[in-house]
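Here are some notes to read alongside the structure. Please take them one at a time, and find each residue in the view as you go.

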Amino acid sequence: MYSCFLKRAIDFIIAFCVLAVIWPVLLLIIIFLHFANKGAGVFFTQNRPGKNAQIFKAIKFKTMTDERDTEGNLLPDDVRLTKVGKIVRSLSIDELPQLFNVLKGDMALVGPRPLLPKYLPLYSPEQYRRHEVRPGITGWAQVNGRNSITWKKKFELDVWYVDHISFWLDMKILFLTVKKVFIREGINMEGAVTTEPFNGHN
């Protein structure tokens with residue numbers, strides 16, 4: 001009952017109310033990123049697989065410039081990541097535009113994080129089950145290690161969530177997400193700016 005009907009309605013109401021309250025903050029972030037990103041734009045969209053692996057465009061705040069070397073290749077992530085971008089990432093603010101994806105129905109507030117479409121052929125049948133529900137802005141894996149745990153463990157946690165989805169579990173995950181954002185825990189793997197790519201064997 002909850003996963004089929006109530007979850008979507010609750011997600012829409014919460015996302016709408018949060019956007020109505022925080023829009024001044026979002027406007028300030030947009031202004032700061034506009035100057036920090038040196039003309040590279042404030043938002044970026046990326047194809048991600050949603051429920052039943054249907055592709056949608058996820059929207060995020062852009063935290064890097066588009067600076068390139070003399071041969072036209074993008075500079076490494078740690079070079080292009082701006083000071084403002086580091087703050088936005090550390091507070092998980094870069095995910096806030098995905099509230100619009102929640103309004104559209106592409107995403108939920110809580111669910112397995114949507115990954116890259118190129119990973120779809122690499123999942124085992126059990127790992128692929130993470131696509132049985134809408135992907136989320138936050139999820140069970142995010143409050144149990146996020147980028148500091150292995151891909152294998154992340155997928156185990158994602159599938160566990162799919163099998164145990166409930167209103168109270170979602171509330172627990174949202175509470176723990178807010179807590180972890182404030183203590184800035186599990187943002188990146190040690191020594192890395194972004195998560196290591198999934199190669200099908202992690």
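1. Against which helices and strands do the buried residues of helix 7 pack? In this predicted model, they pack against helix 1, helix 3, strand 3 (108-110), strand 4 (136-138) and helix 6 (151-164).

2. Helix 7 itself covers residues 167-183, and its 17 residues reach 25 Å from the first C-alpha to the last, which is close to the 24 Å expected at 1.5 Å a residue. Its buried residues are Leu169, Asp170, Ile173, Thr177, Lys180 and Val181. Seen down the helix axis, these buried residues fall within an arc of 105°, so they line one face of the helix. On the other side of helix 7, Trp168, Phe175, Phe182 and Ile183 are exposed.

3. Ile93 sits in the loop between helix 3 (83-90) and helix 4 (98-104), and with a relative accessible area of 18% it is buried, because the cut-off for that word is under 20%. Leaving aside residues up to four places away in sequence, Ile93 touches Ile29, Phe61 and Val88. The C-alpha atom of Ile93 is separated by 24 Å from that of Trp168, a residue 75 places away along the chain.

4. Asn101, which is found in helix 4, is also buried, with a relative accessible area of 2%. Again not counting residues up to four places away in sequence, Asn101 touches Phe56, Lys57, Ala58, Ile59, Asp106 and Met107.

5. A different kind of feature is the nonpolar surface patch of about 700 Å², which is made by Trp23, Leu27, Leu28, Ile31, Phe32 and Phe35. Of these residues, Leu28 can be placed in helix 1 (residues 2-36).

6. Side chains of opposite charge can pair when their charged atoms come close. The structure holds 12 salt bridges, and one of them joins Glu67 to Lys38, with the closest N and O atoms 3.4 Å apart. This pair links distant parts of the chain, since Glu67 is in the loop between strand 2 (55-61) and helix 2 (77-80), while Lys38 is in the loop between helix 1 and strand 1 (43-49), 29 residues apart. Glu67 is partly exposed at 29% relative accessible area, whereas Lys38, at 60%, counts as exposed.

7. Asp163 forms a salt bridge with Arg129, where the closest N and O atoms are 2.6 Å apart. Asp163 lies in helix 6 and Arg129 in the loop between helix 5 (125-128) and strand 4, so the pair ties together parts that are 34 residues apart in sequence. Elsewhere, Lys60, Asp94, Glu95 and Arg113 are linked in a network of salt bridges.

Conventions
Residues numbered from 1 in each chain as written. Predicted model: local features only at pLDDT ≥ 70, side-chain atom pairs only at ≥ 80, totals over all residues. Heavy atoms only, no water. Helix = DSSP H or I, 4+ residues; strand = E, 2+ residues; numbered from the N terminus. Buried < 20%, exposed > 50% of the residue type's maximum accessible area, 1.4 Å probe, protein only. Contact = heavy atoms within 4.5 Å. Patch = residues over 30% accessible without salt bridge, like charges linked within 9 Å, V, L, I, M, F, W, Y side chains within 5 Å. Areas by Shrake-Rupley, 256 points an atom, 1.4 Å probe, with all protein chains shown as cover. Salt bridge = Lys/Arg side-chain N within 4 Å of Asp/Glu carboxyl O. Expected span 1.5 Å × (residues − 1). Arc of directions from axis to C-beta.
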